[in-house]
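Please open the structure in your viewer and keep the selection tool at hand. The stops below say what to select next and what is to be found there.

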Amino acid sequence: MLRRRLFLLLAAGLVWPAAPAGAQTPAPTTVIVVRHAEKAEKPADDPGLSRKGLMRAEALADALEGAGITAIYATPLRRTRDTASPLADRLGLEIAVAEIGAGGVKAHVESLARLILKRHRGGTVLVVGHSNTVPLLLRELGAGVPAMSEEDFDDLYILTIPPKGPRRLIRARYGPPN
């Protein structure tokens, strides 16, 4: 398990081989993107997480606790913030709420991508989104992924954006299978 986690972290650029003495190699930017965990049925307008969703949020915290995350973004909807909360609590981080303004989902995704690349260059960021924002954000950051269904809750995307060269995307799973 530890060997598998180290491999995923190395492949994603979260654990980077040391540069030769005297050399200054800029660190890659790593963006980890997940959809919120399973939501409760009520209230209909802004539900929190179901029991299964709460378990998945804890599994996300277990999976990412040692990943070097320095910023966490979620939407204003409770289910995204609840998904990020266990990890934010463990790391002592505030969850930054990325508003979806008048420009809609497309403008939200474009703005969030610009913000991450400007403010968190060389860092590791977690973004908790929705089935319609996760694929769009990854595309905006330069990695294509297929659309998500309403049943996709266990996908974890790790996008490594090096200062130069191609971007790398790893699709992993976390928590219990759907």
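**First stop: the sheet**

Begin by selecting strands β2 and β3, which are joined by three bridges and pair in the parallel sense. This is a predicted model. Within this pair, select Tyr73 and look across to Ala96 of β3, its bridge partner. As background, strands of a sheet pair through backbone hydrogen bonds, and the pairing may be parallel or antiparallel.

Now extend the selection to the whole sheet. Six strands make up an open sheet, and their order across it is β3-β2-β4-β1-β5-β6, with mixed pairing. Which strands stand at the edges? They are β3 (95-97) and β6 (168-173); each has a single partner strand, so one side of each is left without a neighbour in the sheet. If the sheet is viewed along its width, the twist can be followed; its average is 25 degrees from one strand to the next.

**Second stop: the hairpin**

Select β5 and β6 next. These strands run antiparallel and are joined by six bridges. Leu156 may be selected here, and Ala172 in β6 will be found opposite. Six residues lie between β5 and β6, and the two strands form a hairpin. In the turn, select Gly165, whose phi is positive, at about 100 degrees. Most residues other than glycine have a negative phi.

**Third stop: the whole chain**

Clear the selection and display the protein as a whole. Five helices and six strands are present. Traced from the N terminus, the elements follow the order α-β-α-β-α-β-α-β-α-β-β. The protein has 178 residues, and 45% of them are buried. The exposed surface amounts to about 9,500 Å², of which carbon and sulfur atoms supply 55%. Of the contacts between residues at least 6 apart in sequence, 64% join residues at least 24 apart.

**Fourth stop: helix α4 and the cores**

Select α4, which lies across β1, β2, β4 and β5 and runs at about 175 degrees to β2. Then turn to the largest nonpolar core, a group of 22 residues in which Val127, Leu137 and Leu141 touch the most other members. At least two residues of this core come from each of β1 (29-35), β2 (71-74), α4 (104-119), β4 (124-129), α5 (134-140) and β5 (155-161). Which element gives the largest share of this core? It is α4, with five residues. In soluble globular proteins, nonpolar side chains tend to be buried together.

Centre the view on Leu141. Leaving aside residues up to four places away in sequence, Leu141 touches Val31, Ala113, Leu117, Leu159, Ile161 and Arg167. A second core, separate from the one above, has 19 residues, including Leu64, Ala67, Ala88 and Ile158.

**Fifth stop: Arg35**

Return to strand β1 and select Arg35. Is this residue buried or exposed? Arg35 is buried, because its relative accessible area is 3%, and the cut-off for burial is under 20%. Two backbone oxygen atoms should then be displayed. That of Ser149 is reached by the side chain of Arg35 at 3.4 Å, and that of Asp152 lies 3.0 Å from a polar atom of the Arg35 side chain.

**Last stop: a cis peptide bond**

Finally, select Pro43, in the loop between β1 and α2 (51-64). The peptide bond that joins Lys42 and Pro43 is cis, with omega at about -5 degrees. Most peptide bonds are trans.

Definitions and conventions. Residues numbered from 1 in each chain as written. Predicted model: local features only at pLDDT ≥ 70, side-chain atom pairs only at ≥ 80, totals over all residues. Heavy atoms only, no water. Helix = DSSP H or I, 4+ residues; strand = E, 2+ residues; numbered from the N terminus. Buried < 20%, exposed > 50% of the residue type's maximum accessible area, 1.4 Å probe, protein only. Contact = heavy atoms within 4.5 Å. Areas by Shrake-Rupley, 256 points an atom, 1.4 Å probe, with all protein chains shown as cover. Core = buried A, V, L, I, M, F, W, Y, C linked by side-chain atoms within 4.5 Å. Polar contact = N/O pair within 3.5 Å; in protein donor to acceptor, adjacent residues only side chain to side chain. Pairing = 2+ DSSP bridges. Axes fitted to C-alpha atoms, helices over the stretch in contact; angles between N-to-C directions.
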